Amino acid sequence: MKILSWNVNGVRSVGRNGFFDWLDREMPDIVCLQETKCNPAQLDPSYLAPLGYQTYWHSAKKAGYSGVAIYSRVAAKDVKEGIGIPAVDDEGRVLAAHFKEFTLVNAYFPNSQRDHARLGYKLEFCDAIFKFCEKLRKEGRFVILCGDYNIAHKEIDLRNPKTNVNNAGFLPEERAWMDRFVGAGWIDTFRRFVSEPNHYSWWSYRPGVREKNIGWRIDYHCVNAEFIKAVKEASILPQVFGSDHCPVGIRLG
């Protein structure tokens, strides 16, 4: 089974720029989208059931903001919008789909912002999603937490760590949370398979940045340790354009 995740920075924008052709070529079993920036009621029906996929959505109350979606060729047994915390759920940041073999949590972590104005909110979100996933784990579920974490965990995960130590996404508090998460038995699947540097999933829109691969790896599939044997491969797809992020993926076997 192939599962992909992609912050599309607007599903309508990426839809106009080849998303459905890419989906048809790639044919993942499941693809999780973040930052959809819409309510499904606003969309053309072609976005809601393309190529035999079923779709599930969680949108922000604020129009044109945040939002997550799951496109799946396999029907979910149950889908939960949000995690029961209004401050999180009102921004449309979490969608949990229960399948036969695992629970897939699609999450769009907040950006703590350039002036760190939302760092407190970001850390509250991080703690809440951690507790949410741990609860699923204690229920005996295998869990995949995928999406845009808006955190580069280690220096290897961005091109210029020294000059970014005070920047959102690489703040000590954000990285410390990631340390706690991984330390509790949640595994960064990409780093399980790939130890080399220069693999990134986000680049600034500034001219030449992506061409020079001056990027950050902030998009993940993390799984609880009990499930890691099922993960056979992890990948990043930098050749896929349409957003400032590229898709990331895992293959289950």
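The paragraphs below lead through a predicted model of one protein chain, from its overall form to its pocket, its cavity and some single residues.

The secondary structure of the chain comes to six helices and 14 strands. Its radius of gyration is 17 Å, close to the 18 Å that the globule rule gives for 253 residues, so the chain is as compact as a globular protein of that length. Taken along the principal axes, the box filled by the C-alpha atoms is roughly 45 × 45 × 35 Å. Of the 253 residues, 56% are buried, and among the contacts with a separation of 6 or more, 71% are between residues that stand 24 or more positions apart.

The open spaces come next. The largest pocket has a volume of about 780 Å³, and of the 30 residues that line this pocket, the closest to its centre are N111, R114, A168, W202 and W216. When the lining of the largest pocket is divided by class, seven residues are nonpolar, 14 are polar and nine are charged.

As for enclosed space, the structure holds one cavity of 30 Å³ or more, and the volume of the largest cavity is about 60 Å³. Its lining is made of D188, T189, F190, R217, D219, Y220, H221, A234, S235, I236, V248 and G249. Seen by element, α6, β12 (219-224), β13 (231-236) and β14 (248-252) each supply at least two residues of this lining, and seen by class, the lining of the largest cavity has five nonpolar, four polar and three charged residues.

One of the lining residues of that cavity, D188, is found in strand β9, which covers residues 186-188. D188 counts as buried because its relative accessibility is 11%, a value that falls under the 20% limit for that class. Leaving aside its neighbours within four places in sequence, D188 is in contact with R217, Y220, H221 and C222; among these partners, R217, Y220 and H221 also line the largest cavity.

C222 leads on to the cysteines. What is the number of disulfides in the structure? The structure holds zero disulfides. For C222, the nearest cysteine sulfur is that of C133, at 9.4 Å, whereas a disulfide would need the two sulfur atoms to be within 2.5 Å. C222 is buried, with a relative accessible area of 0%. C246 is likewise in no disulfide, and its nearest cysteine sulfur, that of C146, is 14 Å away. With a relative accessible area of 1%, C246 is buried.

Next to C246 in the numbering comes H245, which is found in the loop between β13 and β14. Is H245 buried or exposed? H245 counts as buried, because its relative accessibility is 4%. H245 and S201 are 44 residues apart in sequence, and the distance between them in space is 5.4 Å, C-alpha to C-alpha. When neighbours within four places in sequence are left aside, the contacts of H245 are with W6, N7, D148, S201, W202, W203, R210, I218, D219 and V240. Two of these partners can be placed in the spaces described above, since W202 is one of the residues closest to the centre of the largest pocket, and D219 belongs to the lining of the largest cavity.

Another loop residue, N9, has its place between β1 (2-7) and α1 (11-15), and N9 is buried, with a relative accessible area of 18%. N9 and L33 are 24 residues apart in sequence and 9.1 Å apart in space, C-alpha to C-alpha. Not counting residues up to four places away in sequence, N9 touches Q34, E35, K37, Y205, S243 and D244.

K37, one of the residues touched by N9, brings in the backbone. Most residues other than glycine have a negative phi. Phi of K37, however, is positive, near 60°. K37 lies in the loop between β2 (30-34) and β3 (54-58) and, at 25% relative accessibility, counts as partly exposed. A positive phi, near 70°, is also found at N198, again a residue other than glycine. The place of N198 is in the loop between α6 (189-193) and β10 (202-203), and N198 counts as partly exposed, at 39% relative accessibility.

Note on methods
Residues are numbered from 1 along each chain as its sequence is written. This is a predicted model: local features need pLDDT of at least 70, side-chain atom pairs count only at pLDDT 80 or more; totals for chains, interfaces and linings use all residues. Side-chain values use heavy atoms; hydrogens and water are left out. Buried means under 20% relative accessible area, exposed over 50%, partly exposed in between (1.4 Å probe, protein chains only). On a 1 Å grid over the protein atoms alone, a cavity is a set of points where a 1.4 Å probe fits but cannot get out, and a pocket is an open set with protein on both sides within 12 Å along at least five of seven lines; lining residues have an atom within 4 Å of a point. Grid points are joined across faces, edges and corners, and a volume is the space filled by probe spheres set on the points. Ala, Val, Leu, Ile, Met, Phe, Trp, Tyr, Cys and Pro count as nonpolar, Asp, Glu, Lys and Arg as charged, and the others, Gly among them, as polar. Helices (H or I, at least four residues) and strands (E, at least two) are DSSP runs, numbered from the N terminus. The radius of gyration is taken over C-alpha atoms; the globule rule is 2.2 Å times the number of residues to the power 0.38. Contact means heavy atoms within 4.5 Å.
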